[in-house]
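Student: Got a minute to go through the empty space in this model? Here it is.

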Amino acid sequence: MYYFLKLFSKLPLIFIQSSAKAVGRFLYTSNSSAKKTTSENLKIAYPILSNEEHEHLLKLNLQHQCMTYAESIKVWGSSIDFSLQQIKHVHQSKLFFNALKNPNGTLAIVPHFGNWEIMNAWVNQYTNPVIMYKPSKNKGLDKFMLESRNRLNATLVPTDDTGVRALFRHLKSGGFSAILPDHVPKESGGIYAPFYGKNVLSPTLLSKLAAKTQCSVIGMYCLRNQDLDGFDLHFYQVSNEILSKDLITSVTALNHDLEIMINFSPEQYLWGYKRFRKMKA
């Protein structure tokens with residue numbers, strides 16, 4: 001696996017993207033679980049779409065999901081300069097630089113949206129982040145990803161209590177971290193809160209860290225351009241309610257801000273993930 005990934009990452013990005021789009025088009029014509037899950041999630045999130053609109057978005061989204069995975073391999077196997085060259089525009093960068101002035105640190109909300117791997121190199125020009133990292137069960141893939149992470153200024157910490165304490169200390173010292181807060185957590189690490197009109201199990205880690213430290217919280221995502229000529233990095237002003245010490249208030253605000261970011265370009269969100277797997281009436 002490791003050597004295959006190394007070889008794959010040497011291919012031109014446009015070839016990788018075009019091949020991934022072809023795979024996405026194939027998935028659309030198949031009866032795959034990826035197509036089924038994506039379709040179900042899109043129906044939950046956008047119930048007012050006509051059947052024609054739904055199918056159009058489904059087809060586009062499967063292509064973008066495939067590109068995200070394939071592009072990530074390219075990013076992991078390439079230099080930092082390669083990633084920087086892919087970013088054509090940075091929107092609302094003032095939010096990022098103002099946030100870094102907070103002595104209590106900065107947390108970035110990074111949804112599974114566009115290609116989150118591309119922006120690591122840009123952020124690492126200005127910060128030395130502490131990032132939680134869960135090793136892959138595939139040793140070859142894990143080695144490949146770690147080589148990429150180690151080229152950056154990031155410090156990797158485990159996804160357990162030790163890692164949470166390290167994040168807390170880093171924020172209290174004015175540091176920067178990013179969290180992907182749109183996964184399905186264990187029951188012990190989440191509460192049920194509204195997301196696209198459904199009461200879904202939602203992570204509480206970001207909310208707890210924000211409440212304890214009163215750090216700056218910003219939204220951040222990186223979208224591929226329509227002509228596949230690079231990516232645009234976006235920063236987003238989130239609600240102050242995320243800093244609330246009341247968990248349900250904070251997580252509800254967080255989920256609402258995630259919706260706003262995703263709705264900017266829903267075809268690029270990772271709808272193939274079973275985000276609505278755990279719901280309550």
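Student: How many nonpolar, polar and charged residues are in the lining of the largest cavity?

Tutor: Four nonpolar, five polar and three charged. Nonpolar means Ala, Val, Leu, Ile, Met, Phe, Trp, Tyr, Cys and Pro; charged means Asp, Glu, Lys and Arg; the others, Gly among them, are polar. This is a predicted model: local features need pLDDT of at least 70, side-chain atom pairs count only at pLDDT 80 or more, and totals for chains, interfaces and linings use all residues. Numbering runs from 1 along each chain as its sequence is written, and side-chain values use heavy atoms, leaving out hydrogens and water.

Student: Which residues line the largest cavity?

Tutor: Among them are Val75, Ser79, Glu117, Asn120, Arg149 and Leu152. Helices H5 (80–86), H7 (119–123) and H8 (139–150) each give two or more residues. A helix here is a DSSP run of H or I, at least four residues, numbered from the N terminus.

Student: What volume does the largest cavity have?

Tutor: About 90 Å³. On a 1 Å grid over the protein atoms alone, a 1.4 Å probe fits in a cavity but cannot get out; lining residues have an atom within 4 Å of a point. Volume is the space filled by probe spheres set on the points, joined across faces, edges and corners.

Student: How many cavities of 30 Å³ or more are there in the whole structure?

Tutor: Two. The second largest has about 30 Å³. His112, Asp182, Tyr269, Leu270, Tyr273 and Arg275 line that one.

Student: Switching to pockets: what lines the second largest one?

Tutor: Its lining includes Lys21, His64, Arg224 and Glu267. Helix H4 (residues 51–76) gives the largest share, four residues. The space is about 190 Å³. A pocket is an open set with protein on both sides within 12 Å along at least five of seven lines.
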